[in-house]
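This report walks through one chain, from its voids to its helices and then to a few single residues. Have the model open alongside the text.

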Amino acid sequence: MRSLRLMIKEQTPLYIFVAVLFLVGVVFGALIVSALTLDQQQELGDYLGNFFVTVDQQGLPAAPDSYWGIAALNLKWVGLIWILGLSVIGLPGILILDFLKGVLIGFTVGCLVSEYSWHGMLFALVSVAPHNLVLIPVLLVSSAAAIAFSLLMIRSRVLGQRRTPVTRPFAMYTLLSLGMAVLVLGISGFEAWVTPEMMRWVTPMLIGQSV
């Protein structure tokens with residue numbers, strides 16, 4: 001456990017780097033919304049309007065039915081980052097995933113705010129923000145660990161520094177990833193059981209409020 005804490009402390013610059021990359025993705029995703037054509041904005045508004053009517057009238061799938069789908073999707077992010085960290089050529093893929101996650105969140109929030117003003121921001125706060133307050137740090141920590149291990153592999157395999165041991169770093173890297181996976185399972189439960197109830201509470205405010 002002490003070695004794990006030391007590893008996390010040593011990777012602080014990487015945490016800052018991936019966090020900035022993620023934030024750039026959020027900004028880029030928000031800017032994409034403003035670049036949509038009028039027809040695209042209309043189609044998006046119609047889709048959101050139909051979605052909110054469906055949520056208000058029929059609700060969302062039952063939590064037991066949706067939990068494993070949500071958990072599987074979130075675990076795929078952590079698992080893919082772990083796999084990319086094992087390969088020398090996986091480093092760019094890790095960066096792309098972090099940027100893409102930021103774009104998805106920025107675009108989602110941007111669409112809601114663009115269509116529904118502060119009502120959209122309120123919906124984003126209850127539907128997007130709560131679970132992502134844990135999920136995003138999990139992905140950023142996983143990404144930093146993956147980048148660090150990938151760089152170690154590059155030094156060991158590509159640059160010919162054969163004396164660089166990889167067994168212990170691999171064990172620590174895998175242990176950290178497993179810990180992040182456990183957190184993902186927990187936050188997926190929140191997303192499956194609590195988030196839909198908060199969405200149903202806010203949804204009536206958005207119906208008919210398109211701007």
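## Cavity and pocket

The largest cavity encloses about 40 Å³ of space. The model is a predicted one. It holds one cavity of 30 Å³ or more.

Which residues line the largest cavity? They are Phe 22, Trp 77, Ile 81, Leu 97, Asp 98, Lys 101, Ile 136, Leu 139 and Leu 140. By class, the lining has seven nonpolar residues, no polar ones and two charged ones. Three helices each supply at least two residues of this lining: α4 (63-86), α5 and α6 (129-158).

The largest pocket holds about 910 Å³ of space. It is lined by 31 residues, and the closest to its centre are Thr 108, Ser 127, Val 128, His 131 and Glu 191. Two or more lining residues come from each of α3, α4, α5, α6, α7 (167-193) and α8. Helix α5 gives the most, with nine residues. The pocket lining divides into 21 nonpolar, eight polar and two charged residues.

The table sets the two voids side by side.

| Void | Volume | Nonpolar lining residues | Polar lining residues | Charged lining residues |
|---|---|---|---|---|
| Largest cavity | about 40 Å³ | seven | no | two |
| Largest pocket | about 910 Å³ | 21 | eight | two |

## The chain as a whole

The protein chain has eight helices and zero strands. From the N terminus on, the elements run α-α-α-α-α-α-α-α. The chain has 211 residues, and 44% of them count as buried. Take the contacts with a separation of 6 or more: 84% of them join residues 24 or more positions apart.

## Two helices in detail

Helix α2 covers residues 12-34, which is 23 residues. Its first and last C-alpha atoms are 34 Å apart, close to the 33 Å expected at 1.5 Å a residue. Its buried residues are Leu 14, Tyr 15, Val 18, Leu 21, Phe 22, Gly 25, Gly 29 and Val 33. Among them, Phe 22 also lines the largest cavity.

Leu 23 lies in α2 as well. Is Leu 23 buried or exposed? Leu 23 counts as exposed, because its relative accessibility is 52% and the exposed class starts over 50%. Leu 23 and Ile 105 are 82 residues apart in sequence, yet their C-alpha atoms are 9.8 Å apart in space.

Helix α3 covers residues 38-58, with 21 residues. From first C-alpha to last it reaches 30 Å, close to the 30 Å expected at 1.5 Å a residue. Leu 44, Gly 45, Leu 48, Phe 52 and Val 55 are buried in α3. Why do they lie on the same side of α3? They do so because they cover an arc of only 100° around the axis.

The buried residues of α3 pack against α5 (91-127) and α8 (195-206). The face of α3 turned away from its buried side carries the exposed residues Asp 39, Glu 43, Tyr 47, Asn 50, Gln 57 and Gln 58.

## Single residues

Ser 143 lies in helix α6. Ser 143 is buried, because its relative accessible area is 0% and the buried class is under 20%. Neighbours within four places in sequence aside, Ser 143 is in contact with Val 18, Ile 81, Ile 94 and Asp 98. Two of these contact partners, Ile 81 and Asp 98, also belong to the lining of the largest cavity.

Val 166 sits in the loop between α6 and α7. Val 166 is buried too, with a relative accessible area of 17%. Val 166 and Ser 156 are 10 residues apart in sequence, and 8.1 Å separates their C-alpha atoms.

Ser 117 is in helix α5. What sign does its phi have? The phi of Ser 117 is positive, about 55°, although Ser 117 is not a glycine. Ser 117 is partly exposed, with a relative accessible area of 36%.

Note on methods: Residues numbered from 1 in each chain as written. Predicted model: local features only at pLDDT ≥ 70, side-chain atom pairs only at ≥ 80, totals over all residues. Heavy atoms only, no water. Helix = DSSP H or I, 4+ residues; strand = E, 2+ residues; numbered from the N terminus. Expected span 1.5 Å × (residues − 1). Buried < 20%, exposed > 50% of the residue type's maximum accessible area, 1.4 Å probe, protein only. Arc of directions from axis to C-beta. Contact = heavy atoms within 4.5 Å. 1 Å grid on protein atoms, 1.4 Å probe; cavity = no way out; pocket = protein on both sides within 12 Å on 5 of 7 lines; lining within 4 Å. Points joined across faces, edges and corners; volume = space filled by probe spheres on them. Nonpolar A, V, L, I, M, F, W, Y, C, P; charged D, E, K, R; others polar.
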